[in-house]
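Biologist: Before we discuss backbone geometry, could you put the sequence and the structure up, and then take me through the peptide bonds and phi angles that deserve attention?

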Amino acid sequence: MSERPNIVDHNQLFRQDKYVRQREEKRAFEAPCSPEEVTDTLEYTKTKEYKDKNFARTAVVVNPAKACQPLGAVMAALGFEKTLPFIHGSQGCTAYFRSHLARHFKEPVPAVSTSMTEDAAVFGGMRNLIDGIENCIALYQPEMIAVCTTCMAEVIGDDLSAFLANARQEGVLPEDMPVPFANTPSFSGSHITGYDAMLRSVLETLYNKSGRTAQPGHELKLNVLLGFDGYTGNFAEMRRMLGMFGATYTILGDHSSNFDSGATGEYSYYYGGTPLEDVPKAADAAGTLAIQQYSLRKTLGYMKQTWGQQVSSISTPLGIRATDRLLEEISRLSGREIPEALKQERARIVDAMMDSHAYLHGKRVAMAGDPDMLIGLIGFCLELGMEPVHIVCSNGDRKFEKEAELLLKSSPYGAEATVHSGQDLWHMRSLLFQDPVDLAIGSSHLKFAAKEAEIPLLRVGFPIFDRHHLHRYPIIGYQGALNLLTQFVNTILDVMEEQAPDHSFDLVR
Amino acid sequence: MEPAVSNGRLEVSCGNKIPKSTPCPRPVPGEASGGCSFDGAQITLIPIADAAHLVHGPIACLGNSWESRGSLSSGPELSAYGFTTDLGEQDIIFGSEQKLHESIRYIVSRFAPPAVFVYTTCVTALTGEDIEGVCKAESERLGTPIIPVNSPGFVGSKNLGTRLAGDVLFQHIIGSTEPEQTTSHDINLIGEYNIAGEMWHIERLMQQAGMSILSRITGDGRFREVGWAHRAKANMVVCSRALLGLAVQMERKYGIPYFEGSFYGAKETSYSLRQMAYLTGDRDVERRVDKLAAREEMRLSLELEPYRKQLKGKRAVLYTGGVKSWSVITALQELGIKVVGVGTNKSTAEDVSRIADRIGDDAEYIPEGGARQILKTVRSRKADMVIAGGRNMYMALKEQIPFVDINQERHKAYAGYDGLLSLAKQLVHTLQHPVWELTAKLAPWEEETEFAD
């Protein structure tokens, strides 16, 4: 091996004496408060009085735990073959969506913008939209363009349907190219509502274009929807389970290959996704199974009403009981028995939970995330004997609160929990200080509050920017339960070892 | 080399020297584009670490962006907090000025920052909120500067946003405070954002030469400190043409001479330090800089020796924003690397002419974004690596091309003499990784079929 260059990152580099001294000298003028004052203030922010003031806050959001609608719409668009997400609005939003998704999945993310500027704000964005379509077809050769709006286009009231009709009239947009579109202003909803709006539009557009009439139950196939899912591994796990059943199925909105493609030596804009021609056929399926609810409301409503589909929807199936329900639903909809191998798998995972139960039992947890994910997490924590205490859901609504509370009531371990929908991570910080817990579960954004509260963060959900490959492992199904269990218990063991005095630094745990 | 001192000759606008790139390009519809003016303004001002930064708009602008820059602070962290008014439909219909009033009051009463920056977004610009009025009223009421930043996304590119942020600094902040003491060797660094702590390298070098930074604009900056920038002896515009306008304005109003420079590469570093020393007008400082530069360059050349050997003749495609497009070229050339392709997408005409000075026609200019174009250049020019930022990283890796991150998310500082050494090590490290060997060879079963043929 060649000589290894010793490269230090800024963690180590700026700990060197010379840099530490430099910063200390600088501090002389920048921190006029005394160290005591700083400590006192910090302590004050941990008090009940401060928490009350924090919760009385109505106007400002501090450290948000949600992204906006078009981000979800981009994810939905990338669930289909050769589809280019096309965002109508000023250009910065698109750059944010691309970075956001790229940072989570560690993959390139194609998406284009109509790059509206001041003149578009005054005269409307039609020209930008038409020129944009012409350019992107020439540059990226998509088979479908999925258009969504940003708040800017919504505020000036651009009429997408009229603009697209004009684009077709001008001959810029080929007659046969499907262009689903969704109105996704950021001033309502969040990334999950945007996902829903775009997915619904894709299904509707492709179905209408086909000219078919739905014949629900005509096919044996199932429709499967995973929703706004940050885990490509969940798609693989879903396929594996359905394969074990011997079920035939169509995943509607399969973004897993676009967000988890191989390094083959050739970059492509499009790596996969649900084939477009599968969508109209899906209207004939035996039934539809969705493993998210809050991010699929409009879509499932459409499938029920227009396609006459038999729809079954559950929240993210995390843990044993939720997976049991999932398998029962697959069995019911497909008319097939639950395979023996999955039953054995269940027994093995339950065994694993027993192996680890002592370390998890009674651990108090705080969690933040999207509604479907939280319902799944609450259920799994209760099974593990962990006690959910603070549940913060920025994009949760009344229905979510009720469902979460009902679930918590079903177990003595849920007795202490409070559900905070519409709150942010600064609220969470107050909760962590006023009523301390052992662990936090959530996205990377929760790391700041968790660090201050000196508790480990179990990274589950979206976005995860600061850990690698978690999204490649499934968290749904029995196998997913094992993955989460492994992550949970080993983090707790890591912390124990870190804190262990010599006499308790044990070999066997 | 560039003219040392401007006499106000350069205008705020982009100029019109052409080659191969139009100045300040307007965003093109239908392309995968870069950031917007809001983004540009935010990244320019957010490094002012003790201030609160409040985004007045729907969740989009902050929800997708908070805490994602690599600007480091040596003390306060308030600017890392994500504050937004998170407007909903009702706010759009009935107006959100009251919500803004309350948000500002809440932030000031709970966080006691020295100032609050309030960012306009597309939505609040379109609905015609009187943000300046709200800021003015709250400044008076609270006795804390509340500073409006009028740079909604739709006005243009990221580059324009940094310029608008420069205007904000000039109009609202610079000249608002007085330093406790000044020396005749006080320099402002303008357009240095302390990515991965680079500014700390530079600051040390300046200290060693007997110079000091009066105001950091804005990397690791503090609000009060930016306020007294008008007392400096000279301004250095570091790696950002976008804030050149600020330097021009400061020269006109306060008579502070400025120059443009970079700290990427030993030559550029020495040059920048010499310019600073020259502008302080102190012969003694100049001599110290000369000694320092000679000593550091000598030391560096010894330490670089083994890495240069490994990098000599390697070919790179550089795709990065604005000024780094030319300044990094010098650094790479010093390491013996040939730049065979360079992105000019976010460069101004001045930047492009600097690129041309350094590599002439030897390299391919990539004026437009898009992964295809970069990859085509890599293939056609037989490049060994891509040096770019996060959004292009994964597409390079898909093509199994060694990649070095030069933009805001990296954790390694490449500025100054030590920085060049770090860059050299990083490049060697990247090129040596065994994974490239893995990708260069076929899988065994594929090899066998080849033999069979």
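Modeller: What follows is a short exchange on the backbone of this predicted model.

Biologist: Where in chain A does A:Pro463, the residue that follows A:Phe462 across a cis peptide bond, lie?
Modeller: The bond from A:Phe462 to A:Pro463 is cis, its omega being near -5 degrees. As for its setting, A:Pro463 belongs to the loop between β14 (457-459) and α21 (477-499) of chain A.

Biologist: Which element of chain B holds B:Thr218, and what is omega for the peptide bond that joins B:Ile217 to this residue?
Modeller: B:Thr218 is placed in strand β6, which covers residues 212-218 of chain B. The peptide bond between B:Ile217 and B:Thr218 is cis, and its omega is about 5 degrees.

Biologist: Is B:Ala196 buried or exposed, given its positive phi?
Modeller: B:Ala196 is not a glycine, yet its phi is positive, near 55 degrees. The residue sits in the loop between β5 (186-192) and α8 (198-208) of chain B. Because the relative accessible area of B:Ala196 is 0%, and the cut-off for burial is under 20%, the residue counts as buried.

Biologist: What is the relative accessible area of B:Asp220, and where is this residue found?
Modeller: B:Asp220, although not a glycine, has a positive phi of about 55 degrees. In chain B, the loop between β6 and α9 (223-227) contains B:Asp220. B:Asp220 is buried, and its relative accessible area is 0%.

Note on methods: Residues numbered from 1 in each chain as written. Chains lettered and ligands numbered in written order. Predicted model: local features only at pLDDT ≥ 70, side-chain atom pairs only at ≥ 80, totals over all residues. Heavy atoms only, no water. Helix = DSSP H or I, 4+ residues; strand = E, 2+ residues; numbered from the N terminus. Buried < 20%, exposed > 50% of the residue type's maximum accessible area, 1.4 Å probe, protein only.
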